[in-house]
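Reader: I have a fold on screen and want to learn how to read its features. Where do we begin?

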Amino acid sequence: MKFPWFIWIPRILIMLFIAFVALFSLDVFEGEASIWHKLLGLLIHNVPALLLLLTLLLTWRRPLIGGIVFAVLMVLLTVLWQTYEAWETFLFFTVPMLVVAVLFLLVHFISKHKAEASLPKQQPPVEESLP
């Protein structure tokens, strides 16, 4: 089945969110550490963004799995980053993940519904009468 245009909305949103999370890793270049320590710090700070990117790549063609996995990651990152303690961090880190998870699930169910609607209806077989 050809993917409709609305499947791109959660994908683009999660890519923007990954870029937003990756921006926070750029603070490792402040300070007097060696370049190798800074690069190691950059790698360590980008682990959440890389995890989200890997999740996106693995669930690219499977919106149902993507919705479930992003919902689980939302809960995991909310607990690990403790975004529930301040409404600002909750708004910027948890809500986008919730929106993406819900959109992936909507894409799955809308695509499934359209695929079922486009199938031809089967006619019951006609029984031939014997002479």
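Author: With empty space. Rolling a probe the size of a water molecule over the atoms shows where empty space is left. This is a predicted model. Its largest cavity holds about 30 Å³ of space.

Reader: How many cavities of 30 Å³ or more does a search of the whole structure find?

Author: One.

Reader: Which residues line the largest cavity?

Author: Met74, Leu77, Thr78, Trp81, Thr83, Phe93, Thr94 and Met97 form its lining. Two elements, α4 and α5, give two or more residues each to that lining. The largest share, four residues, is from α4.

Reader: Take one lining residue. Where is Thr94 placed, and is Thr94 buried or exposed?

Author: Thr94 is in helix α5. The cut-off for buried is under 20% relative accessible area. Thr94 has 5% relative accessibility, so Thr94 is buried.

Reader: What is Thr94 in contact with, leaving aside neighbours within four places in sequence?

Author: Met74, Thr78, Thr83 and Thr89. Of the cavity lining, Met74, Thr78 and Thr83 are members.

Reader: Now the overall fold. How many helices and strands are there?

Author: Five helices and zero strands. Along the sequence the pattern reads α-α-α-α-α. The protein has 131 residues, and 29% of them are buried.

Reader: How do I judge whether contacts reach far along the chain?

Author: Look at sequence separation. Take contacts between residues at least 6 apart in sequence: 66% of these join residues at least 24 apart.

Reader: Show me one such case. Which residues is Ala49 in contact with, leaving aside its neighbours within four places in sequence?

Author: Ile18, Val21 and Ala22. Ala49 is in helix α3. Ala49 and Ile18 are 31 residues apart in sequence, yet their C-alpha atoms are 5.3 Å apart in space. Ala49 is buried because its relative accessibility is 5%, under the 20% cut-off.

Reader: Next, the core. Which members of the largest nonpolar core touch the most other members?

Author: Ile14, Phe17, Leu52, Phe70 and Met97, out of 16 residues. Helices α1 (8–23), α3 (47–58), α4 (63–81) and α5 (87–118) each supply at least two residues. The most come from α5, with five residues.

Reader: What does Ile14 touch, not counting residues up to four places away in sequence?

Author: Leu56, Phe70, Met97 and Val100. Met97 appears twice in our tour: Met97 is in the cavity lining and among the core members that touch the most others.

Reader: Now the rings. How many aromatic pairs does the structure hold?

Author: Nine. To read a pair, check the distance between centres, then the angle between planes. Trp5 and Phe6 have ring centres 5.9 Å apart and planes at 85°, so they form an edge-to-face pair. The cut-off for edge-to-face is over 60 degrees.

Reader: Are Trp5 and Phe6 buried or exposed?

Author: One of each. Trp5 is exposed because its relative accessible area is 66%. Phe6 is buried because its relative accessibility is 11%.

Reader: And what about Phe20 and Phe92?

Author: That pair is tilted, with 6.4 Å from centre to centre and 45° between the planes. The pair links distant parts of the chain: Phe20 is in helix α1, Phe92 is in helix α5, and 72 residues separate them. Phe20 is partly exposed, at 28% relative accessible area. Phe92 is also partly exposed, at 47%.

Reader: Which residues share one aromatic cluster?

Author: Phe17, Phe20, Phe24, Trp81, Phe92 and Phe93. Of these, Trp81 and Phe93 are in the cavity lining.

Reader: Charges can sit over rings too. Which rings does Arg11 lie over?

Author: Two tryptophans. Arg11 is over the face of Trp8, 4.9 Å from the ring centre. The charged end of Arg11 also sits over the ring of Trp60, 4.1 Å from its centre.

Reader: Last, the backbone. What should I look for in phi?

Author: Look at the sign. Most residues other than glycine have a negative phi. Gln82 is not a glycine, yet its phi is positive, at about 55°.

Reader: Where is Gln82 placed?

Author: In the loop between α4 and α5. Gln82 counts as partly exposed because its relative accessibility is 38%.

Methods. Residues are numbered from 1 along each chain as its sequence is written. This is a predicted model: local features need pLDDT of at least 70, side-chain atom pairs count only at pLDDT 80 or more; totals for chains, interfaces and linings use all residues. Side-chain values use heavy atoms; hydrogens and water are left out. A nonpolar core is a set of buried Ala, Val, Leu, Ile, Met, Phe, Trp, Tyr and Cys residues joined through side-chain atoms within 4.5 Å. Buried means under 20% relative accessible area, exposed over 50%, partly exposed in between (1.4 Å probe, protein chains only). Contact means heavy atoms within 4.5 Å. Rings of Phe, Tyr and Trp (its six-membered ring) pair if their centres lie within 6.5 Å; planes under 30 degrees apart count as stacked, over 60 as edge-to-face and the rest as tilted. A charge sits over a ring if NZ of Lys or CZ of Arg is within 6 Å of the ring centre and within 35 degrees of the ring normal. On a 1 Å grid over the protein atoms alone, a cavity is a set of points where a 1.4 Å probe fits but cannot get out, and a pocket is an open set with protein on both sides within 12 Å along at least five of seven lines; lining residues have an atom within 4 Å of a point. Grid points are joined across faces, edges and corners, and a volume is the space filled by probe spheres set on the points.
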